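Visitor: Can you walk me through this one? I'd like short answers.

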There are 2 protein chains.
Amino acid sequence: MYIGAFDIGGTKTIVALADDAGKIYEKQQFPTETGDCLRHLDVCCEILCRFAEKRGLRMEQIAGIGVNLPGIVERGEGVLLRAVYAGWSQIPVRAYLSKKLRIARVVCENDVNACAVGEVRFGLGKRFSSFGWMTVSTGVGGAVVSDGRLIRGAHGYAGEFGHLKVEYQKPCGCPCGEQGCLEAHGSGTALNRLIEERTRQDAAFRAAFDRLGESPSGASCAKLAKNGNETAAAIFQQVGEYLGKGISYYTNILDPEAVIIGGGVSASLDLLMPGIRRSMERYTFAQMKDVPILPTALGYEAALMGAVAIAV
Amino acid sequence: MYIGAFDIGGTKTIVALADDAGKIYEKQQFPTETGDCLRHLDVCCEILCRFAEKRGLRMEQIAGIGVNLPGIVERGEGVLLRAVYAGWSQIPVRAYLSKKLRIARVVCENDVNACAVGEVRFGLGKRFSSFGWMTVSTGVGGAVVSDGRLIRGAHGYAGEFGHLKVEYQKPCGCPCGEQGCLEAHGSGTALNRLIEERTRQDAAFRAAFDRLGESPSGASCAKLAKNGNETAAAIFQQVGEYLGKGISYYTNILDPEAVIIGGGVSASLDLLMPGIRRSMERYTFAQMKDVPILPTALGYEAALMGAVAIAV
């Protein structure tokens, strides 16, 4: 059974032709055209049609399209209500694509939720039926999976881990308007802020980036930490401790089989883990301190696999 | 359909004869005999048999027995693994009762979980299918209900709200061995500690209890607060703020339709609510700040109704 997958993020999009077992036959990545959403969807459709043609498929042979959207999605009608970074609102994505491609089954989902559904079907969901999913990237998002099902909550906001309060004493501001949120202290943004602060205060740390021949960033800081730079390691430890506080709240409430981490920052999960485990040890109810905390099994393509999974 | 219900708490027990619609025909309350659990179960059986006889029922007409137990329960076999306050461990409750009463269906459950099941079947579950349950009493326990089902977690510990960390800066010790837990700051124990502290420091507050003609306690402090005593009101405010922090974690993670509060301290929910709402306003993601926070519809008998519900 063939599936079309549109993984539309705030900055990049991947279009793929896949099957219901999660095999990817064709894929192409390109920047998300913010501003005109329908024109961007047109480009996605053209690429998918080219893929179908290349493999000698008629569009009727594609059983469904899964569409990840970088914002709040009304799933019933497949409407993108609001996507702040892309500047889109009130886009009838399902109706538009269904008519244009003449494919009845178009399933739209928030990209973070889709990651969790992808993990259930194609990733660690084979080992764990109840887990917390966290996307740690510029911000922090999440999803709650119980018995293989996504728990959506009364307004579709279940899994808003990014706005758990993890710092009451010296809280940093969060884009949500509040302070002390996990997104402000345990995200890529927080990592960059700490790197910026430390390079400003600490000439030796600044010099270490110069010796590496890279400008200060999360990726170059990770290299320094792996090379034994203690300041770099301490930055990951600190971000990890905040993530661990958020994970401890989740664990105390839901006693999950595992917590699975995706998103760009998760590539440095080994560097974050000492901090995460320190907080888990201090803040989690004794019997659950050792909950497995694992990177997604789907790596960089977790969201794309999610787009496939929601349409199966 | 007749149901027998044994609501066995750490200090008191209620035995009742009910039906599957939740109507209570007979009930009797008496102290829990800590020490010898099987002897205590014998007493429960004698009372239930007397009730059956009084109403002209044969034991075969009782379709099942629901048994709440004040500790950790292995539900499959109906074994009470450990009940710290009562001093019981490894009691094969289901096997013992099933044989003694010749009733095949004996369902055992942790008392806090049973409350949530009772609420689903006989209480606010008629209005809300996904909610958080909190028992606020000497300690703080809880349960997670999603789509009318109890989420139990990987080890049966889902809903351990009592050990959410709500105070990092000046944490108080918790019976679990950790510090800063909701159970240490937002419980009946915390209420009593604050009352004790303030009466020690504040002669006018001490005198207010004397004028009331009652010794300082949660109940008498509630009377003072209702009479306009500001110190008494501030104590409830403070306990409420900690409860609100815990509820904000729950809400951010699960986006529930409601949070339902039972347990002795919930009788003062109106006094706690200003503090709860203050924390919800400060710490909950904007779209969910107004989640309904309600007392159990089952009042003092929430746990007994739970014992009926689990056996239906």
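Visitor: How are helix 5 and helix 6 of chain A oriented to each other?
Guide: They are roughly perpendicular, a label for angles of 65 to 115 degrees. The axes of helix 5 (residues 188-201) and helix 6 (residues 203-212) of chain A cross at roughly 110° and come within 5 Å. Axes here are lines fitted to C-alpha atoms, for helices over the stretch in contact, and angles run from 0 to 180 degrees between N-to-C directions. Helices are DSSP runs (H or I, at least four residues), numbered from the N terminus.

Visitor: Where does this model come from?
Guide: This is a predicted model: local features need pLDDT of at least 70, side-chain atom pairs count only at pLDDT 80 or more, and totals for chains, interfaces and linings use all residues. Residues are numbered from 1 along each chain as its sequence is written, chains are lettered from A and ligands numbered from 1 in the order in which they are written, and side-chain values use heavy atoms, leaving out hydrogens and water.

Visitor: Back to those helices. Which residues make the contact?
Guide: Helix 5 of chain A brings I195(A), R198(A), T199(A), R200(A) and Q201(A). Helix 6 of chain A brings A203(A), F205(A), R206(A) and F209(A). Contact means heavy atoms within 4.5 Å.

Visitor: And in chain B, how do helix 7 and helix 8 cross?
Guide: Their axes cross at roughly 120° and come within 7 Å. Helix 7 of chain B spans residues 218-226, and helix 8 of chain B spans residues 230-254. Among the contact residues are C221(B) and L224(B) of helix 7 and I235(B) and F236(B) of helix 8.

Visitor: New topic. How does chain A lie on chain B?
Guide: A turn of 180° and a shift of 0.0 Å along the axis lay chain A on chain B, with an RMSD of 0.0 Å. The two copies are thus related as by a two-fold rotation axis. In chain A, the C-alpha nearest that axis belongs to Y249(A), 3.4 Å away. The fit is by least squares on C-alpha atoms of residues with pLDDT of at least 70 in both copies.

Visitor: Is V166(B) buried or exposed?
Guide: V166(B) has 0% relative accessibility, so it counts as buried. Buried means under 20% relative accessible area, exposed over 50%, partly exposed in between (1.4 Å probe, protein chains only).

Visitor: What does V166(B) touch?
Guide: Leaving aside neighbours within four places in sequence, its contacts include L182(B), H185(B), Y242(B) and Y249(B).

Visitor: How far is V166(B) from A154(B)?
Guide: They are twelve residues apart in sequence and 24 Å apart in space, C-alpha to C-alpha.

Definitions and conventions. Helices (H or I, at least four residues) and strands (E, at least two) are DSSP runs, numbered from the N terminus. Angles under 35 degrees count as roughly parallel, over 145 as roughly antiparallel, 65 to 115 as roughly perpendicular and the rest as oblique.
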